[in-house]
Amino acid sequence: MRRTPPGRTDCAIAYLRVSTDEQHLGPEAQRASIEGWGRLRGVSVLSWHIDAGVSGASELQDRPGLLRALDDLVTLQAGVLVVARRDRLARDVVVAATIERAARRKGAAVVSADGGGNG
C-alpha cells in the first residue's frame, strides 16, 4: 500500500470510543481531555469521530467512526490522530498496532492526550 506524505503536525483528527453508557471516561470527558491537550500544544482539532458501543477489541473494519477519522487524516492533511487515552484506541495490542500502522500509512502519528504511550 502506498504511503501518504506526512500531514501537518499542528492539525489533528480526534477519535473517541465508548463501549457502554456507564463509563467514567465518556465522550464529554474524552473531548475535554483532547481539547485541553490541543490548547497546550497549539494543535487544532479539525474533526471529531466517535464509535459508541464499540469494544476496544473490535477490529478496524468494525469501527465506522475510526475509518472516517483515518480518511480525514488525508482529506484534511492532519498529521495527528489523537485519542484521550491509549485504551480508547484499542485494548488489544494487535488491534492497536493495526490502527497505528493505518494512521502511519496516511501520514499521521497516533497520540494520546494523557501522554500514555507517546514516544
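The following dialogue works through the fold, the strands and several individual residues of a predicted model.

Colleague: Where should one begin, and in what order do the elements of the protein run from the N terminus on?

Modeller: One begins with the inventory of elements. As this is a predicted model, everything said here concerns computed coordinates. The protein contains four helices and four strands, and from the N terminus on their order is β-α-β-α-β-α-α-β.

Colleague: How does the radius of gyration of the protein compare with that of a compact globule?

Modeller: The idea is to set the value beside the one expected for the chain length. For 119 residues a compact globule would have a radius of gyration near 14 Å, and the protein, with 13 Å, agrees with this. The C-alpha trace spans about 40 × 35 × 25 Å along its principal axes.

Colleague: What percentage of the residues is buried, and what supplies the exposed area of the protein?

Modeller: Buried residues account for 45% of the 119 residues. The protein exposes about 6,400 Å², of which carbon and sulfur atoms supply 51%. As for charge, there are 17 positive and 14 negative charges, and their mean positions lie 7 Å apart.

Colleague: Among contacts between residues at least 6 apart in sequence, how many join residues at least 24 apart?

Modeller: Of those contacts, 74% join residues at least 24 apart. Individual pairs, to which we shall come, illustrate the topic.

Colleague: Let us turn to strand 1. Is strand 1 largely enclosed or largely open?

Modeller: Strand 1 covers residues 8-18, and eight of its 11 residues are buried, so the strand is largely enclosed by the rest of the structure.

Colleague: Which strands pair with strand 1, and in what sense?

Modeller: A pairing is read from the bridges between two strands. Strand 1 runs parallel to strand 2 (residues 44-52), and eight bridges join them. Strand 1 also pairs in the parallel sense with strand 3 (residues 78-83), over four bridges. To locate these pairings in the viewer, one may start from particular partners: Leu-16 is bridged to Ile-50 in strand 2, while Ile-13 has Leu-81 in strand 3 as its bridge partner.

Colleague: How do side chains lie along a regular strand?

Modeller: In a regular strand the side chains alternate between the two faces of the sheet. For a case to inspect, consider Leu-46, which is found in strand 2. Its relative accessible area is 38%, so Leu-46 is partly exposed.

Colleague: Which residues are in contact with Leu-46, leaving aside its neighbours within four places in sequence?

Modeller: Leu-46 is in contact with Cys-11, Ala-12, Ile-13, Leu-76 and Ala-78. The C-alpha atoms of Leu-46 and Ile-13 are 5.7 Å apart, although 33 residues separate the two in sequence.

Colleague: How is the burial of a helix residue read, and is Gly-38 buried or exposed?

Modeller: One compares the relative accessible area with two cut-offs: under 20% is buried, over 50% is exposed, and values in between are partly exposed. Gly-38 is found in helix 1; its relative accessible area is 4%, so Gly-38 is buried. From Gly-38 to Ala-12 the C-alpha distance is 8.4 Å, across 26 residues of sequence.

Colleague: Is Glu-28 buried or exposed?

Modeller: Glu-28 also lies in helix 1, which covers residues 27-41. With a relative accessible area of 63%, Glu-28 is exposed. Its C-alpha is 9.4 Å from that of Leu-16, 12 residues away in sequence.

Colleague: How does Asp-71 of helix 2 count by relative accessibility?

Modeller: At 44% relative accessibility, Asp-71 counts as partly exposed. Asp-71 and Ile-13 are 58 residues apart in sequence, and their C-alpha atoms are 9.7 Å apart.

Colleague: Finally, which backbone angle deserves attention at Gln-77?

Modeller: The angle to read is phi. Gln-77 has a positive phi of about 55°, although it is not a glycine. Gln-77 is found in the loop between helix 2 (64-75) and strand 3. Its relative accessibility is 53%, so Gln-77 counts as exposed.

Conventions
Residues are numbered from 1 along each chain as its sequence is written. This is a predicted model: local features need pLDDT of at least 70, side-chain atom pairs count only at pLDDT 80 or more; totals for chains, interfaces and linings use all residues. Side-chain values use heavy atoms; hydrogens and water are left out. Buried means under 20% relative accessible area, exposed over 50%, partly exposed in between (1.4 Å probe, protein chains only). Two strands pair if DSSP finds at least two bridges between them. The radius of gyration is taken over C-alpha atoms; the globule rule is 2.2 Å times the number of residues to the power 0.38. Contact means heavy atoms within 4.5 Å. Accessible areas come from the Shrake-Rupley method with a 1.4 Å probe; for residues, only the protein chains shown count as cover. Lys and Arg count as positive and Asp and Glu as negative; His and the chain ends are not counted. The place of a charge is taken as NZ of Lys, CZ of Arg, CG of Asp or CD of Glu.
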